[in-house]
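Grab a coffee and open the viewer. Here are some exercises to work through with the structure in front of you.

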Amino acid sequence: MPETRCGCSAMMEIRLDAPGSCWFISYFSDGHNHLLLDPRLTGLLCGLRFMSEADIGHMINMKKGGLVLDRYIEH
């Protein structure tokens with residue numbers, strides 16, 4: 001797995017409160033040492049990708065029409 005940290009001190013620590021079975025943030029620091037991604041581009045991040053119902057419908061129709069979707073979609 002590639003190293004994703006770049007000396008940035010920003011971090012969030014999450015813990016489980018066992019008796020209550022609730023997760024809570026036990027530590028948070030937003031001290032970034034780098035520029036953040038433009039908010040208009042955050043949808044391109046793997047964890048934030050989504051497709052609308054209309055886009056899903058278009059993909060299904062293209063597949064039904066015989067288009068090989070793997071050639072157009074990066075996994």
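The exercises below go from the overall layout to single residues, each with a worked solution.

**Exercise 1. Work out how far to trust the model, and where confidence is lowest and highest.**

Solution.
- Start with the kind of model: this one is predicted.
- Next, take the whole chain. Its mean pLDDT is 79, and 83% of the residues reach 70 or more.
- Now go element by element. Confidence is lowest in α1, with a mean of 85, and highest in strand β2 (residues 22-29), at 91.
- Keep one caution in mind: where pLDDT is low, the predicted coordinates should not be read in detail.

**Exercise 2. Sketch the order of helices and strands along the chain.**

Solution.
- Count the elements: you should get one helix and two strands.
- Read them off along the sequence and the pattern is β-β-α.
- Then check burial across the chain. Of its 75 residues, 5% count as buried.
- Finish with the contacts. Taking those between residues at least 6 apart in sequence, 14% join residues at least 24 apart.

**Exercise 3. Describe how β1 and β2 pair, and find the residue with a positive phi in their hairpin.**

Solution.
- Line up strand β1 (residues 11-17) with β2: they pair in the antiparallel sense, over seven bridges.
- Pick a pair to anchor your view. Met12 stands opposite Phe28 of β2.
- Look at the hairpin connection, where four residues sit between the strands. Ser21 is the one to find, with a positive phi near 55 degrees.
- Now step to Ser29, which is also in strand β2. Ser29 has a relative accessible area of 18%, so it counts as buried, the cut-off being under 20%.
- What does Ser29 touch, leaving aside neighbours within four places in sequence? Its partners are Ser9, Ala10 and Met11.

**Exercise 4. Check the span of helix α1 against the expected value.**

Solution.
- Find the helix at residues 53-64, which makes twelve residues.
- Go from the first C-alpha to the last: the helix reaches 16 Å, close to the 16 Å expected at 1.5 Å a residue.
- Look just past the helix. Gly66 follows α1, and its phi is positive, near 100 degrees.
- For reading side chains on a helix, recall that an α-helix has 3.6 residues a turn, so residues three or four places apart point the same way.

**Exercise 5. Find the salt bridges and say how exposed their partners are.**

Solution.
- Recall the idea first: side chains of opposite charge can pair when their charged atoms come close.
- The count comes to two salt bridges.
- Take Glu13 and Arg15, whose closest N and O atoms are 2.9 Å apart. Glu13 is partly exposed at 27% relative accessible area, and Arg15 is partly exposed at 46%.
- Then take Arg40 and Asp38, with their closest N and O atoms 2.7 Å apart. Arg40 counts as exposed, at 74% relative accessibility, while Asp38 is partly exposed at 28%.

**Exercise 6. Count the disulfides, then compare the exposure of Cys8 and Cys22.**

Solution.
- A disulfide is a covalent bond between the sulfur atoms of two cysteines.
- Apply the cut-off, sulfur atoms within 2.5 Å, and the count is zero disulfides.
- Now the exposure. Cys8 is buried, with a relative accessible area of 8%, whereas Cys22 is partly exposed, at 44%.

**Exercise 7. Trace the contacts that Asn33 and Cys6 make with residues over four places away in sequence.**

Solution.
- Place Asn33 first: it lies in the loop between β2 and α1. Asn33 is partly exposed, with a relative accessible area of 45%.
- Which residues does Asn33 touch, not counting those up to four places away in sequence? They are Cys6, Gly7 and Cys8.
- Add a distance. Asn33 and Cys8 are 25 residues apart in sequence, but 5.3 Å apart in space, C-alpha to C-alpha.
- Now start from the other side. Cys6 sits in the segment before β1, and it touches Asn33 and His34, again not counting residues up to four places away.
- Close with Cys6 and His32: these are 26 residues apart in sequence and 9.8 Å apart in space, C-alpha to C-alpha.

Methods:
Residues are numbered from 1 along each chain as its sequence is written. This is a predicted model: local features need pLDDT of at least 70, side-chain atom pairs count only at pLDDT 80 or more; totals for chains, interfaces and linings use all residues. Side-chain values use heavy atoms; hydrogens and water are left out. The expected span of a helix is 1.5 Å times one less than its number of residues. A salt bridge is a side-chain nitrogen of Lys or Arg within 4 Å of a carboxyl oxygen of Asp or Glu. Buried means under 20% relative accessible area, exposed over 50%, partly exposed in between (1.4 Å probe, protein chains only). pLDDT is the predictor's confidence in each residue, from 0 to 100. Contact means heavy atoms within 4.5 Å. Two strands pair if DSSP finds at least two bridges between them.
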